[in-house]
Amino acid sequence: MTDTSAVKDALRRQQIETPSWAYGNSGTRFKVFAQRGVPRTPQEKIDDAAQVHRFTGVAPSVAVHIPWDKVDDYAALAAHAKERGVRIGAVNTNVFQDDDYMLGSVTNPDPAVRRKALDHLLEAVDIMDLTGSRDLKLWFSDGTNYPGQDDIRTRQDRMAEALAAVYERLGDDQRFLLEYKLFEPAFYATDLPDWGTSYAHCLKLGPKAQVVVDTGHHAPGTNIEFIVAFLLREGKLGGFDFNSRFYADDDLMVGAADPFQLFRIMYEVVRGGGYDAEAGVAFMLDQCHNIEPKIQGQIRSVMNVQEATAKALLVDAGALRSAQESGEVLEANAVFMDAYNTDVRPLLAELREEMGLHPDPVAAYKASGYYERVAEDRKDGQAAGWGA
């Protein structure tokens, strides 16, 4: 049997990072629906993120995105976050929205464009120095739409050259997390299309280069938990971008499309020691709330990750191992399913009360009146968005 006190201890130590862009107006390429009370500045995004931590107790850091969160004084932004009870987390780069990047950024045929992109990546490391951030998040939309458009192998050479330059710039306590995406916006060949390509580049560079797994960036039917298990085994899993998708990269709320998949992923994290501090795995949400309230959406997402984690921690490891070693297929599956089918909401409600929190974070947030206050305070000015 699993010790529920040990489960609570693990959940109490859990940390889930929220993204600054989730609090601004964001959505699909077809339409972004504006909402009342949306932050106008990076500081106000941090204020909203602090509310998620206030009511969940496990969201102490906020990822920022440059240039969406560009400010004149990044040390002051970090100080603002500290005053609100949170901290600046990963620094995310943007080399996909300028017109110059139509044919790619660091893999562009034009050396001047490649230099521009690399300068931005190095600037992001400067920002990390000022904010005390550990992680630099790299995602590239680079790729080609047509056969023969560019040389596939040469583009890999350009990618490797840029990554090596960024790696060399990192401090001793810094690292970069290299993302991948199956397709979109490159539809013929994406330069970083899968975990294997990202892993190969990171393996060549060294320990400060790690792979990040976005749960929405895979072909339908991909066994994401296998990828997680493999990368943990190799010491190359740097973090997660949690979201859900039904068909492609929808950036829906984590656990919305397939909560069983999220549980299976979390089990492999537990099994592989991914929650140990020395593992260094970053757990971040990467979502765009287009039709749902933004702060509530982040709170609910944090709760979804908590619930999946709690179930993963409840797997009876001894019973499972015994059934596996005995070749008892159905018994092993039953142990797994018993944990997944457990209603962990009472356990989490009890844990929150022990932490001095309201047992229902969404209800507590709604009762706080925060949304009504900021909707009035922020009715003037330009609401933040993702620059689309």
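Here is a short tour of this structure, one selection at a time.

Before you click, note that this is a predicted model, with local features needing pLDDT of at least 70, side-chain atom pairs counting only at pLDDT 80 or more, and totals for chains, interfaces and linings using all residues. Residues are numbered from 1 along each chain as its sequence is written, and side-chain values use heavy atoms, with hydrogens and water left out.

**Stop one: the sheet.** Switch on the cartoon and look for 8 strands in an open, parallel sheet, ordered β1-β2-β3-β4-β6-β8-β9-β10. Strands here are DSSP runs of E, at least two residues, and helices are runs of H or I, at least four residues, numbered from the N terminus. Two strands pair if DSSP finds at least two bridges between them. At the edges sit β1 and β10 (282-285), each pairing on one side only.

**Stop two: β2.** Select residues 61-65, strand β2, where 5 of 5 residues are buried (under 20% relative accessible area, with exposed over 50% and partly exposed in between, using a 1.4 Å probe and protein chains only). In a regular strand, side chains alternate between the two faces of the sheet. Which residues of β2 lie on each side? Ser-61, Ala-63 and His-65 are on one, Val-62 and Val-64 on the other, and both faces are covered.

**Stop three: the neighbours of β2.** Add residues 18-19, strand β1, which pairs with β2 in the parallel sense over 2 bridges. Thr-18 has Val-62 as its bridge partner, while Pro-19 stands opposite Ala-63. Now add residues 87-92, strand β3: β2 and β3 also pair in the parallel sense, over 4 bridges. Look there for His-65 opposite Asn-92.

**Stop four: the crossovers.** Show helix α3 (residues 74-83), through which the chain crosses from β2 to β3 in a right-handed β-α-β crossover. Right-handed means that, with the strands pointing away from you, the path from the first strand over the helix to the second runs clockwise. Helix α2 (residues 42-56) joins β1 and β2 in another right-handed β-α-β unit.

**Stop five: α3 against α4.** Keep α3 and select helix α4 (residues 111-131): their axes come within 8 Å and cross at roughly 45°. Axes are lines fitted to C-alpha atoms, for helices over the stretch in contact, and angles run from 0 to 180 degrees between N-to-C directions. The contact (heavy atoms within 4.5 Å) is made by Tyr-74, Ala-75 and Ala-78 of α3 and Ile-127, Leu-130 and Thr-131 of α4.

**Last stop: α9.** Select residues 294-313, helix α9, lying across β1, β9 (237-242) and β10 and running at about 140° to β10.
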